[in-house]
Amino acid sequence: MKWSLKDDLLILEGNNSFLLTGRAENSFLLYIETFQDETSQSVQEDDLVVVSCPEGGGIEPAAMLLELVRRYHTPLVVLPKNHPGSSRLKMVVAVSREILTSCSIRRRTHPEQHLLCSSEELTGIHLKGEAGNVIADNIPKGVSIRSLPPFHWQLHYK
Amino acid sequence: MDVEYTERVKGKDYRCKSCGERFKAVGKKPTCPSCQSDDVEME
């Protein structure tokens, strides 16, 4: 299935979890910061920014996280393995042209960047950005999909 | 925030042929974080 997206978002919802996705819209360098070093990722406009909320939660914070990455190019800070703070983080973000969701990987520890941790009910979904569209395949039964307007900050600080 | 990442994926080492900057990058189009040039080579 194919959806045409500009700056709006696509949400894929199960009963207890969801994925929120949007196009990167612009080319930019995304910085990934670890304790050891810094890695940069060249993001293209049709790459997807996907936020996974395997335990559910609010759509608004997920949209904020997505916009922090795609609009404000906020660097991603990676905690070391088994850091106690990991259990407090309920959202996972991935940036790639193609993304495959999986419930069988441990959060933050899979070997390929195009794999994204998801709940069991949203596992196996294939998302791809292509010429202004998001193509979603292998959608499990019972998952609903709808588009949302982009998140706009309610307050403007200048 | 959390990120899908792994200790085994740390990026490849590149050198910018325009400004000489050495950096790590992932993805298909590595770009120099210093001068934004994509004229880079893997080290």
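Is G129(A) buried or exposed, going by its C-beta neighbours inside 10 Å? G129(A) counts as buried because it has 24 such neighbours, where buried means that 20 or more other C-beta atoms lie within 10 Å of the residue's own, exposed means 12 or fewer, partly exposed is in between, and C-beta atoms are placed from the backbone.

The model is predicted, with local features needing pLDDT of at least 70 and side-chain atom pairs counting only at pLDDT 80 or more, while totals for chains, interfaces and linings use all residues. Residues are numbered from 1 along each chain as its sequence is written, and chains are lettered from A and ligands numbered from 1 in the order in which they are written.

G129(A) belongs to strand 11 (residues 126-130) of chain A; strands (E, at least two residues) and helices (H or I, at least four) are DSSP runs numbered from the N terminus. Its C-alpha atom is separated by 5.2 Å from that of D46(A), although the two residues are 83 residues apart along the chain. Leaving aside residues up to four places away in sequence, G129(A) touches R23(A), D46(A), D47(A), L48(A), R97(A) and V134(A), contact being C-beta atoms, placed from the backbone, within 7 Å.

Helix 1 of chain A covers residues 59-70. Its buried residues are A62(A), A63(A), L65(A), L66(A), V69(A) and R70(A); seen down the helix axis, they fall within an arc of 160 degrees (taken from the directions from the axis to the C-beta atoms), so they line one face of the helix. These residues pack against strand 2 (9-13), strand 3 (18-23), strand 6 (48-53) and strand 8 (92-96) of chain A.

The largest nonpolar core has 36 residues, and A62(A) and L66(A) are among those with the most contacts inside it; such a core is a set of buried Ala, Val, Leu, Ile, Met, Phe, Trp, Tyr and Cys residues joined through C-beta atoms within 7 Å. Helix 1 and strand 10 (115-117) of chain A are among the elements that each supply at least two residues of this core. A second, separate core of six residues includes Y14(B), A25(B), C32(B) and V40(B).

Two residues that are not glycines have a positive phi.

| Residue | Phi | Loop in chain A | C-beta neighbours inside 10 Å |
|---|---|---|---|
| H73(A) | about 55 degrees | between helix 1 and strand 7 (76-77) | 14, partly exposed |
| N138(A) | about 60 degrees | between strand 12 (133-137) and strand 13 (144-148) | 11, exposed |

Key: Expected span 1.5 Å × (residues − 1). Contact = placed C-beta atoms within 7 Å.
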